[in-house]
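Here's a quick tour of a model you can turn around on screen as you read. Have a look at it first, then we'll walk through some of its geometry.

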Amino acid sequence: MFRVVAGRLGMGDVLPANEEFYACPSCLMAYNRAAVIAGVLTEEHVPPKALGGRSMLLTCTQCNSISGSSFDAHAANRLDAEEFMRGTANGRVLPATFHVDGIPLRGTAQWTVDGLQLFGVPRQNDPRVQAAHLQALNAYVDSGHPNPPISFTVHTRFDEARARLSWIRAAYLAAFTALGWSYILREVMEPFRDQLRQPDAKIIPTYMLRSSSDATAERRILLVEHPDELRCVAVIFGELSVFLPGIFRPLNCEQLADAFGRCRDANDQLQVSLQGKEMPWPQWPTYFLDGPAE
Ligand SMILES: [Zn+2]
């Protein structure tokens, strides 16, 4: 299929002519059967495993590992921070610093079914500082102070733009799995690959919005037809939606960003309801080796 579409686009001669091959949908590199057997491809989870995804398709090892460290780790840390703020008991233990009277103690914070659990970690603290911290804490506990100056900070590090790229990449791969080569090889999709190759460049404006839905496990693809000015491919990961160019008369990235920018509120929530054709969430594996040229 890749061969057919690539041929139509005048890209056919970059492919191995007399062999089967698998092309990585993320970087478009074509790998022959020997390379496939040698393990150049790996299962890719969509969305990434750390974000609750499951195996959907094959990408090349390089793409998979680059996205793991460059994007997915940021998205996972961002999710940890968000869930911590919401008080979700997800089993994650986050590094934290506690302060009493300005005296720090390093440790961990975690939400459990019993509530928030905070622990100091002795080896991360100077014993004298730790003793002073505990002494100050006990003094407040003993005195029954109504509003003691106690605070804590949870440390998660993530880059917002890279976390977003992780979701955008997941949406791109899901759309590929559902819609195939003829969808992702169109010109309007090229900026997505460019952006993933150059994460620090500002190539595509981000248009990723939150819905008020609580169904965080919901995954679906909606081919948006109404309203007409928002026609696109909406890839929905629970409360997060990523909007990719549509199939017919596609708007490019900038046009989509403008159109969605006009329809959202200050909290990044979409103010209109999108309607169109629902597509089943794609299953793995949908695409495998392309045949030799005919
Ligand atoms: Zn690749």
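## Rings, a metal site and two helices

With a relative accessible area of 14%, Trp281 is buried, since the cut-off for that label is under 20%. Keep in mind that this is a predicted model.

Let's start with the aromatics. The pair count comes to seven. One of these is Trp167 with Phe237, a tilted pair. Trp167 sits in helix H5 while Phe237 belongs to strand S11 (residues 232–237), so their contact ties together parts 70 residues apart in sequence. Trp167 and Phe237 are both buried, with Phe237 at a relative accessible area of 3%.

Phe237 also forms an edge-to-face pair with Trp281. That contact links strand S11 to the segment after strand S13 (275–279), where Trp281 is found, and the two residues are 44 apart. Here are the numbers for both pairs:

| Pair | Centre to centre | Angle between planes | Type |
|---|---|---|---|
| Trp167 and Phe237 | 5.1 Å | 55 degrees | tilted |
| Phe237 and Trp281 | 5.7 Å | 80 degrees | edge-to-face |

Elsewhere, Phe84, Phe98, Trp111 and Phe152 make up one aromatic cluster.

Now back to H5, the home of Trp167. How far apart are the end C-alpha atoms of helix H5? They are 28 Å apart, which agrees with the 28 Å expected for its 20 residues (160–179) at 1.5 Å a residue. Of those 20 residues, 17 are buried, so to speak a mostly covered helix. At its start, a side-chain oxygen of Asp159 comes to within 2.9 Å of the backbone nitrogen of Ala161. Just after the helix, Gly180 has a positive phi of about 85 degrees.

Helix H8 (residues 253–261) has Cys253, Leu256, Ala257, Ala259 and Phe260 as its buried residues. Viewed down the axis of H8, they fall within an arc of 165 degrees, so they line one face of the helix. The N-terminal end of H8 is capped by Asn252, with a side-chain oxygen 3.1 Å from the backbone nitrogen of Glu254.

Finally, the metal. Which residues coordinate the zinc ion? The SG atoms of Cys24, Cys27, Cys60 and Cys63 do, at 2.2 to 2.4 Å. The donor atoms subtend angles of 104 to 115 degrees, which makes the arrangement tetrahedral. Along the sequence, the donor residues follow the spacing C-x2-C-x32-C-x2-C. Cys24, in the loop between strands S1 (21–23) and S2 (30–32), and Cys63, in helix H3 (residues 61–86), are 39 residues apart. Cys24 counts as buried at 0% relative accessibility, and Cys63 does at 13%.

Key. Residues numbered from 1 in each chain as written. Heavy atoms only, no water. Donors = N, O, S within 2.8 Å, 3.2 Å for Na, K, Ca; no water. Tetrahedral: all angles 85-135°; square planar, octahedral: opposite > 155°, others 65-115°. Helix = DSSP H or I, 4+ residues; strand = E, 2+ residues; numbered from the N terminus. Buried < 20%, exposed > 50% of the residue type's maximum accessible area, 1.4 Å probe, protein only. Expected span 1.5 Å × (residues − 1). Polar contact = N/O pair within 3.5 Å; in protein donor to acceptor, adjacent residues only side chain to side chain. Arc of directions from axis to C-beta. Phe/Tyr/Trp six-rings, centres within 6.5 Å; stacked < 30°, edge-to-face > 60°.
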